[in-house]
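Reader: I would like to go through this structure with you step by step. May I begin with a helix?
Author: Certainly; please have the structure open in front of you.

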Amino acid sequence: MPRSSELSDFEKGIIIGNHKCGRSLRGIYSYLKYPKSTVAYVIKKWKVSGDCRNVPRVDRPTKPGDRGRRVLTRKFGRTAPNRWPTSVRSFNRHPGALFQ
């Protein structure tokens with residue numbers, strides 16, 4: 001579990017802007033009140049890849065809750081369990097599609 005949230009793209013841009021203006025690493029982290037390791041990591045990542053945007057995380061799809069199960073039951077009924085696996089996969093990919 002992280003101790004704090006990730007820096008936004010704007011905050012990373014401020015760090016890179018200070019670096020481009022010639023401010024030292026020590027000057028940047030003391031002025032912006034960010035940890036030294038964070039400032040160094042952002043600058044290093046920008047120098048290596050030329051980009052420092054936050055990328056979306058890939059994680060396991062959520063299991064349908066009570067509401068999702070009720071919607072699936074209402075949409076497909078209790079007598080069609082053979083269609084459920086494909087429907088659950090599509091529900092996990094596009095959770096808001098069944099509520100429209």
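Reader: Which residues of H3 are exposed?
Author: Ser 37, Tyr 41, Lys 44 and Val 48 are exposed on one side of H3. Please keep in mind that this is a predicted model.

Reader: And which ones are buried in H3?
Author: Val 39, Val 42 and Ile 43 are buried there. Viewed down the axis of H3, the buried residues fall within an arc of 95°, so they line one face of the helix.

Reader: What do those buried residues pack against?
Author: The buried residues of H3 pack against two helices, H1 (9-20) and H2 (25-32).

Reader: Why does Lys 44 count as exposed?
Author: Its relative accessible area is 58%, and a residue counts as exposed when that value is over 50%. Lys 44 therefore qualifies as exposed.

Reader: How far is Lys 44 from Ile 16?
Author: Along the sequence they are 28 residues apart, while in space their C-alpha atoms are 9.9 Å apart.

Reader: Back to H3 as a whole. What span should its 14 residues have?
Author: H3 covers residues 36-49, and at 1.5 Å a residue it should span 20 Å. The C-alpha atoms at its ends are 20 Å apart, which agrees.

Reader: What comes just after H3?
Author: Gly 50 follows, and it takes a positive phi of about 80°.

Reader: Which residue has a positive phi although it is not a glycine?
Author: That is Lys 33, with a phi of about 60°. Lys 33 lies in the loop between H2 and H3. Because its relative accessibility is 68%, Lys 33 counts as exposed.

Reader: Now the interior. Which residues make up the largest nonpolar core?
Author: This core has nine residues: Leu 7, Ile 15, Ile 16, Ile 28, Leu 32, Val 39, Val 42, Ile 43 and Cys 52. H1, H2 and H3 each supply at least two residues of the core. H3 gives the largest share, three residues. In soluble globular proteins, nonpolar side chains tend to be buried together.

Reader: What does Cys 52 touch?
Author: Leaving aside residues up to four places away in sequence, Cys 52 touches Asp 9, Lys 12, Ile 16 and Lys 45.

Reader: One last topic: how many aromatic pairs are there?
Author: The structure holds zero aromatic pairs. There is, however, a charge over a ring: the charged end of Arg 23 sits over the ring of Tyr 31, 4.5 Å from the ring's centre.

Conventions: Residues numbered from 1 in each chain as written. Predicted model: local features only at pLDDT ≥ 70, side-chain atom pairs only at ≥ 80, totals over all residues. Heavy atoms only, no water. Helix = DSSP H or I, 4+ residues; strand = E, 2+ residues; numbered from the N terminus. Expected span 1.5 Å × (residues − 1). Buried < 20%, exposed > 50% of the residue type's maximum accessible area, 1.4 Å probe, protein only. Arc of directions from axis to C-beta. Contact = heavy atoms within 4.5 Å. Phe/Tyr/Trp six-rings, centres within 6.5 Å; stacked < 30°, edge-to-face > 60°. Lys NZ or Arg CZ within 6 Å of the ring centre and 35° of its normal. Core = buried A, V, L, I, M, F, W, Y, C linked by side-chain atoms within 4.5 Å.
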